[in-house]
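Subject: Structure handover and findings

Hello,

Here is the structure I said I would pass on. Please open it and keep it beside this email while you read.

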Amino acid sequence: MNRRPMFHHMLDLQSFMDEENENISSYLTGRADSYSDSIIDSNWTAEQILLLFEKWTTGITRTILRQDVLNQSRTSRSRQHVKPDSMHQPVLHGKITEIGLFEGNSSAIIHIQQDGYDLLIIAAVHGALEPFLKTFIAEGRSIHFANIRFSNEYLIPNQLCVIDLKKTKTDIDFVISSTQNTSLRELSEEEPPNALLLRVEAPTERGIIFTDGEKKVELYLDEDRKPLKLLLRFGDVIVFYQPWVRELTPGIKSLIYGPNSVMFRVPVTVNSSDPLSQISQHASHLSQDGLLFRNSAACRSLRGTVLKIEHVQDSGKWSSSITIFDSDDRNVRINIKNGVSPYEVMRVVSLIRPNHYVWIFGLIELSNNILSFTSETAIFNTSLLHSIVASNIVIPKSLSIISEFTTFVARASIIKVNCELRKVHKTCQTLVSYKNCSTCKAMIIDDDLEEEFLFKLEIDDSSCDPVTVYGNGSKFPFWSIKPVDWKKADETKKGSLISKIIGKEYIFVLSLGNEQEFCGFGDDTVWRVDQCIRPVGDVEREVRMIRKFHEKLDVENNTIIDCE
């Protein structure tokens with residue numbers, strides 16, 4: 001029988017997350033205020049906490065953390081109310097309270113009441129909507145607009161809307177009569193359908209995928225119409241009235257908005273027994289409106305140990321994959337295509353190394369144990385989050401137990417330094433000594449390389465034999481000399497620079513690496529330095545006290561040691 005890998009992390013944060021989720025949930029129980037109807041989802045809570053760790057470098061207390069999460073929960077569950085003088089106007093949701101005319105002409109206007117807000121919005125009616133005035137656009141009807149704009153106090157005519165139908169005979173007769181004898185198999189540019197009865201499948205980069213139960217079609221949305229996704233939900237059944245048909249890709253027909261196109265939502269619930277939220281796979285009041293990947297039934301979140309990270313370049317385009325041993329003891333592969341995720345996300349991906357512990361939210365499941373990044377994916381590498389150590393969320397442990405862990409945090413002094421210059425691949429910061437990068441498998445040319453310091457340090461906290469660790473120069477804040485100046489320095493100058501850090505104490509964030517990562521510089525299994533942090537606050541005062549104590553002992557023993 002194959003043994004499952006065993007990983008023990010100081011930096012997985014799971015016990016901390018469980019404790020905070022329980023405390024926040026307990027705080028909300030029985031509250032008779034604006035938080036009272038928030039149901040905190042554990043994955044949502046974890047993501048908000050990690051976002052705070054990413055935003056702040058230090059000074060995070062549990063009080064600050066909990067208040068931030070509570071504020072985010074209140075904001076996330078609330079729709080933003082629209083005002084005519086507001087700068088950002090993504091969507092408008094409301095009920096029609098009155099239909100009227102502009103003074104001096106026959107143009108129709110409707111008054112819209114937003115839920116829980118007294119201010120009425122007056123909207124001019126787009127020409128495509130006029131045929132439905134006083135039938136489906138009538139008092140008491142719900143209507144939703146996206147990409148809204150105002151002229152003075154009036155919402156300018158807007159075709160980008162969804163009208164909610166009701167379970168009345170008139171509405172159902174409209175659905176049946178307008179969509180009968182139409183099918184996605186018979187789409188024609190010359191004779192577009194009068195209306196189509198479709199179900200929302202998924203968003204795409206270009207628009208939205210719909211199905212009629214047999215065949216799928218993409219609704220192409222230009223940039224001005226892409227906010228329509230914020231008005232729809234996965235599984236919505238809609239009547240798309242008077243669409244146009246175009247062959248945007250050879251041999252493949254797509255739907256587009258025509259001058260008289262209108263979208264209606266049919267009061268039918270699909271897959272209602274599987275109410276999945278945008279964050280985890282559990283019902284949550286924190287689900288937001290919109291056809292977002294986070295609202296998809298295929299949305300997944302996971303956490304675990306990185307087993308392997310690969311970057312591949314094909315025809316000038318990069319793609320990556322991460323294999324993770326997750327919290328359910330599964331090996332999960334995650335695919336990442338360049339250009340799908342924002343730069344900030346790809347920067348985190350480029351710095352991931354084996355045995356790091358990561359939390360990932362907003363993935364899409366492609367098949368069993370194979371997931372993919374989307375434009376909404378967020379990833380956090382706990383080994384590189386400065387604030388969880390600087391804010392004492394994770395407390396250093398004795399080096400005597402380091403062999404029990406995969407990621408570790410220690411406070412120790414540097415007692416020996418070995419330093420040399422090596423070549424690193426600019427793209428992924430991997431040390432290279434061959435023509436191919438061991439991480440991204442790319443062929444290396446001189447322009448792809450830059451020089452970087454490689455350190456081999458021995459660190460000691462007096463609890464056991466010294467521990468050897470390895471790291472690139474960029475990980476050490478105490479090292480400011482540039483490679484070009486190092487080359488010019490003589491051995492005396494180099495020795496002086498190294499001697500200044502001997503005896504200094506730092507907090508080391510470590511993870512298990514391997515010999516290949518350091519081009520044979522280390523052993524088969526080595527400790528990688530992910531962060532080296534100068535002790536601050538109480539820790540620094542403690543270090544000064546210890547040094548003073550040892551200086552006193554040295555004086556008493558007539559031994560002089562330079563502690564600086």
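Asn 181 comes just after α4 and takes a positive phi of about 65 degrees. This is a predicted model, in which local features need pLDDT of at least 70, side-chain atom pairs count only at pLDDT 80 or more, and totals for chains, interfaces and linings use all residues. Residues are numbered from 1 along each chain as its sequence is written, and side-chain values use heavy atoms, with hydrogens and water left out. Helices (H or I, at least four residues) and strands (E, at least two) are DSSP runs, numbered from the N terminus.

Two other asparagines have a positive phi. Asn 147, with a phi of about 55 degrees, is in the loop between β4 (142-146) and β5 (150-151). Asn 152 has a phi near 60 degrees and belongs to the loop between β5 and β6 (154-155). Asn 152 counts as exposed because its relative accessibility is 66%. The terms work as follows: buried means under 20% relative accessible area, exposed means over 50%, and partly exposed is in between (1.4 Å probe, protein chains only).

Back to α4. Which residues of α4 are buried? They are Asp 171, Phe 174, Val 175, Ser 178 and Thr 179. These residues are on the same side of α4 because they cover an arc of only 95 degrees around the axis; the arc is that of the directions from the helix axis to the C-beta atoms. An α-helix has 3.6 residues a turn, so residues three or four places apart point the same way. On the other side of α4, Lys 169 and Thr 170 are exposed. The cover over the buried residues of α4 includes β8, β11 (237-241) and β14 (262-265), where contact means heavy atoms within 4.5 Å.

One of these strands, β11, is mostly covered itself, with five of its five residues buried. Val 237, Val 239 and Tyr 241 lie on one side of β11, Ile 238 and Phe 240 lie on the other, and all are buried. In a regular strand the side chains alternate between the two faces of the sheet.

β11 also has two pairing partners to look at. Two strands pair if DSSP finds at least two bridges between them. β8 and β11 pair in the antiparallel sense over five bridges, and Leu 198 has Ile 238 of β11 as its bridge partner. β11 and β14 also run antiparallel, joined by four bridges; here Phe 240 is matched with Met 263 in β14.

Further along the chain there is a closed barrel of five strands, in the order β21-β22-β23-β25-β24, with mixed pairing. From one strand to the next, the twist averages 40 degrees; axes are lines fitted to C-alpha atoms, for helices over the stretch in contact, and angles run from 0 to 180 degrees between N-to-C directions. Strand β24 (residues 505-514) pairs with strand β25 (residues 525-533) in the antiparallel sense over eight bridges. Val 509 has Gln 531 of β25 as its bridge partner.

Arg 422 is in strand β21 (residues 407-425). The side chain of Arg 422 makes a polar contact with the side chain of Glu 420 at 2.6 Å. A polar contact is a pair of N or O atoms within 3.5 Å; within protein, one must be able to donate a hydrogen and the other to accept it, and residues adjacent in sequence count only if both atoms are side-chain atoms. Arg 422 and Phe 453 are 31 residues apart along the chain, yet their C-alpha atoms are separated by 6.1 Å.

Last, the salt bridges. How many does the structure hold? There are 20, each being a side-chain nitrogen of Lys or Arg within 4 Å of a carboxyl oxygen of Asp or Glu.

- Glu 214 and Arg 185 meet in a salt bridge (3.4 Å, N to O). The pair links distant parts of the chain, 29 residues apart, and both residues are exposed.
- Glu 223 and Lys 226 form a salt bridge with the closest N and O atoms 3.0 Å apart. Glu 223 is exposed at 61% relative accessible area, whereas Lys 226 is partly exposed at 24%.
- Arg 330 and Asp 326 form a salt bridge with the closest N and O atoms 2.6 Å apart. Arg 330 is partly exposed at 32%, and Asp 326 counts as buried at 4%.
- Glu 19, Glu 20, Arg 62 and Arg 66 are joined into one network by salt bridges that share partners.

Regards
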